[in-house]
Amino acid sequence: MAITLVNPDGLPKPDVYRQLSIATGSKLVFLSGQVARDAEGRKVGEGDFAAQVEQCYLNIGTALAEIGGSFDDVAKLTVYVVDWSPDKMPLLGEGVARASAKLGVDPVKPITLLGVSALGEPDLLVEVEATAVLD
C-alpha cells in the first residue's frame, strides 16, 4: 500500500482521523469535490446529511476504482459542510461508517473539516475532495 497513516507522539491522537499520511506511491491523484449525486447526476439524500456524506465517499471510491485504485489510496480528505455545527458530528460519522461498510475500507484519514455558508448548488449539504497516491 502506498499510504501509511500515523498519529505521531507529541500530537493529539484522535480516533476519527490521523494527523499524518505518508505516501510512497508514484502517481498523485487530485479528485474534485464529490457531492451527493449518483452516476446519472440524480440527487441522493436530499435534506439527509448522513446520506449525502455516504454518497460523497462512495463517489470517491468509484472514481479511484476507475483508475485502478481504491479508497485505501486516499492520503487526505477535505470536507466542506454547509452551516457546520458540532451536533452534525454523529451524522457525519454515520455517513462515513455506512460508506466504509459498503466500500470495505477503513475511512480514517487525515482530514480537514470546514464549515461553509453554501456550496455550488442549494440542495447540497456536504462536498468531499480527496488526494490519493497510487503505485
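**Exercise 1. Place Asp83 in this predicted model, and decide whether Asp83 is buried or exposed.**

Solution.
Step 1: Find the segment. Asp83 sits in the loop that lies between E4 and H2.
Step 2: Check the surface. The relative accessible area of Asp83 is 52%. Exposed means over 50%. Therefore Asp83 counts as exposed.
Step 3: Look at the backbone. Asp83 has a phi near 50°. That value is positive, in a residue other than glycine.

**Exercise 2. Locate Gln52, decide whether Gln52 is buried or exposed, and list what Gln52 touches.**

Solution.
Step 1: Find the element. Gln52 is part of helix H1, residues 49-66.
Step 2: Apply the cut-off. Buried means under 20% relative accessible area. Gln52 has 1% relative accessibility, so Gln52 is buried.
Step 3: List the contacts, leaving out residues up to four places away in sequence. Gln52 touches Ala36, Val44, Gly45, Glu46 and Gly47. Gln52 also touches Asp123, Leu124, Leu125 and Val126.
Step 4: Add a distance. From C-alpha to C-alpha, Gln52 and Pro14 are 24 Å apart in space. In sequence they are 38 residues apart.

**Exercise 3. Describe the largest nonpolar core and the contacts of Tyr57.**

Solution.
Step 1: Count. The largest nonpolar core holds 23 residues. Tyr57, Ile60, Leu77, Val126 and Val128 have the most contacts inside it.
Step 2: Trace the sources. Strand E3 (27-34), H1, strand E4 (74-82), helix H2 (89-103) and strand E6 (126-134) supply at least two core residues each. H1 gives the largest share, seven residues.
Step 3: Follow Tyr57. Beyond its neighbours within four places in sequence, Tyr57 contacts Phe71, Leu77, Val96, Ala99, Leu103, Pro107, Ile111 and Val128.

Notes: Residues numbered from 1 in each chain as written. Predicted model: local features only at pLDDT ≥ 70, side-chain atom pairs only at ≥ 80, totals over all residues. Heavy atoms only, no water. Helix = DSSP H or I, 4+ residues; strand = E, 2+ residues; numbered from the N terminus. Buried < 20%, exposed > 50% of the residue type's maximum accessible area, 1.4 Å probe, protein only. Contact = heavy atoms within 4.5 Å. Core = buried A, V, L, I, M, F, W, Y, C linked by side-chain atoms within 4.5 Å.
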